[in-house]
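User: I would like to go through this model one statement at a time and ask what each rests on. Please set each value against the criterion that it has to meet.

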Amino acid sequence: MTDQPIKKSIVFSGIQPTGNLTLGNYLGAIKNWVQHQEAFENLFCVVDLHAITLRQNPAELRKRSLEVAAIYLASGINPKESAIFLQSHVPEHTQLSWILTCNSYMGELSRMTQYKTKSQNKEGEAIEAGLFTYPILMAADILLYQTEFVPVGQDQVQHVELTRDLALRFNNAYSPTFTIPKALLPKAGAKIMDLSDPMKKMSKSSDNPNSFIRIMDPPEDIKRKISRSVTDSLGVVAYSPEQPGIMNLLDIMAAISNRAPEELAKEYQHCGYKAFKEACAQTIIDELAPVQQRVNTLLTKERGELEEILAKGAQKAHFMAQKTLRKVYKKVGLIPPLG
Ligand code: AQP
């Protein structure tokens, strides 16, 4: 009798190359991916098609797409265990997205918080249609691979819920086709807040460069941004909702060090905000320094290897995606192409 390899559950996740990745992306998504990597069969995508929902500078977008892939690798994603690829290299994402669009409702899309936030200051006539329909493309990304878990930060949970609704609707209308995915939230760092306004989430496309820490920020920028981060006048380090700025810094330290924020608060309660902020900045610097070094090597000396990893990742993803898409074609009455 031969030993059958145990089939691992599939994990899919991605980040848009819309700006320089932040500590929010790192702690809310990438670090969590790395921690669970060995337990699952993983697909980690650079979702470049999502990035063009809002117009991008083409040269910048190309550069950032490679940088995001390099950050995945430098943070510890092992290309032997996990497929890393660019979304635009696997055409099944857009093909499935159209079929799901035909099974989605305007009402459910208009309830998406990200859509409401990003279209807030725009006139109806000028709101990009992609901003409205992009959660459907995200659903296609996930469902194509029969994904069981989607490790995301808190802000993306609503989109995973929509994905589940679309999958259930399709399965009920045609017959079981898609696995119903679940969001997988990190224990700490699920929502890293804006340094200038701790009631808002840290976002890479924010207009205020002091509001976020980039994964690639040099140490002096990290020290400056943390020292200027908005706190309160209470002056005692505590993990309390009345001190959202301090809470956020404690969450950052907790997510990096795998410790409880309450325990860290006790350790720093008597040291004053200045020393606490210095310790926080140093924790971030120590975590990011090796990642930054590796990213720089991958983007220069090892660029050929990086491109090869992306090509192999896309090949694997295409193979898996094709299987699902052929099934979907048959169910809805389209003729799958020969071959
Ligand atoms: N502040 C955050 N805290 C925890 N997790 C976060 N994520 C983003 N911001 C935080 C997680 O990062 C992953 C990728 O997100 P994305 O870039 O595809 O889109 P996003 O969620 O809209 O992230 P940004 O930084 O706010 O991008 P922009 O500014 O371009 O819209 C997701 O898993 C997300 O949860």
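**Backbone, ligand and empty space**

User: Where in the chain is the place of glutamine 146, and what is notable about its phi?

Analyst: Glutamine 146 is placed in the loop that runs between helix H7 (129-143) and strand E4 (149-151), in what is a predicted model. Its phi is positive, at about 55°, although the residue is not a glycine. Most residues other than glycine have a negative phi.

User: Which value does phi take in serine 175, and in which loop is that residue placed?

Analyst: For serine 175, again a residue other than glycine, phi is positive and near 155°. Serine 175 belongs to the loop between helix H8 (157-173) and strand E5 (182-184).

User: What makes the pair between the ligand and the side chain of aspartate 155 a polar contact?

Analyst: The cut-off is a pair of N or O atoms within 3.5 Å, and an oxygen atom of the ligand stands 2.4 Å from an N or O atom in the side chain of aspartate 155, so the pair qualifies by that definition. The side chain of lysine 201 likewise has an N or O atom at 2.6 Å from a ligand oxygen, while for methionine 202 a backbone N or O atom lies 2.9 Å from a nitrogen atom of the ligand. Of the accessible area that the ligand has on its own, 630 Å², the protein covers 98%.

User: Which residues come nearest the ligand, and which elements supply the shell around it?

Analyst: Among the 23 residues around the ligand, those that come nearest are Lys118, Asp155, Ser203, Lys204 and Ser205. At least two shell residues each are supplied by strand E1 (10-15), helix H1 (23-36) and helix H6 (113-119), with H1 giving the largest share, 4 residues. By class, the shell holds 12 polar, 6 nonpolar and 5 charged residues.

User: Why is the second largest pocket said to lie between domain 1 and domain 2?

Analyst: The second largest pocket lies between the domains because its lining takes residues from both domain 1 (10-185 + 302-332) and domain 2 (209-297). The pocket holds about 470 Å³ of space and is lined by 25 residues, with Pro186, Lys187, Ala188, Gly189 and Ala190 nearest its centre. Two or more lining residues come from each of H1 and helix H10 (244-257), and H10 gives the most, 6 residues. The classes in this lining are 14 nonpolar, 6 polar and 5 charged.

User: How many cavities of 30 Å³ or more does the structure hold, and what makes such a space a cavity and not a pocket?

Analyst: The structure holds 1 cavity of 30 Å³ or more, and the volume of the largest cavity is about 30 Å³. The name applies because a 1.4 Å probe fits at the points of a cavity but cannot get out, whereas a pocket is an open set. The lining of the largest cavity consists of Asp194, Leu195, Pro198, Ser229, Val230, Gly245, Asn248 and Leu249, which divide into 4 nonpolar, 3 polar and 1 charged.

Key
Residues numbered from 1 in each chain as written. Predicted model: local features only at pLDDT ≥ 70, side-chain atom pairs only at ≥ 80, totals over all residues. Heavy atoms only, no water. Near = heavy atom within 4 Å. Polar contact = N/O pair within 3.5 Å; in protein donor to acceptor, adjacent residues only side chain to side chain. Areas by Shrake-Rupley, 256 points an atom, 1.4 Å probe, with all protein chains shown as cover. Nonpolar A, V, L, I, M, F, W, Y, C, P; charged D, E, K, R; others polar. 1 Å grid on protein atoms, 1.4 Å probe; cavity = no way out; pocket = protein on both sides within 12 Å on 5 of 7 lines; lining within 4 Å. Points joined across faces, edges and corners; volume = space filled by probe spheres on them. Domains from an automatic or database assignment.
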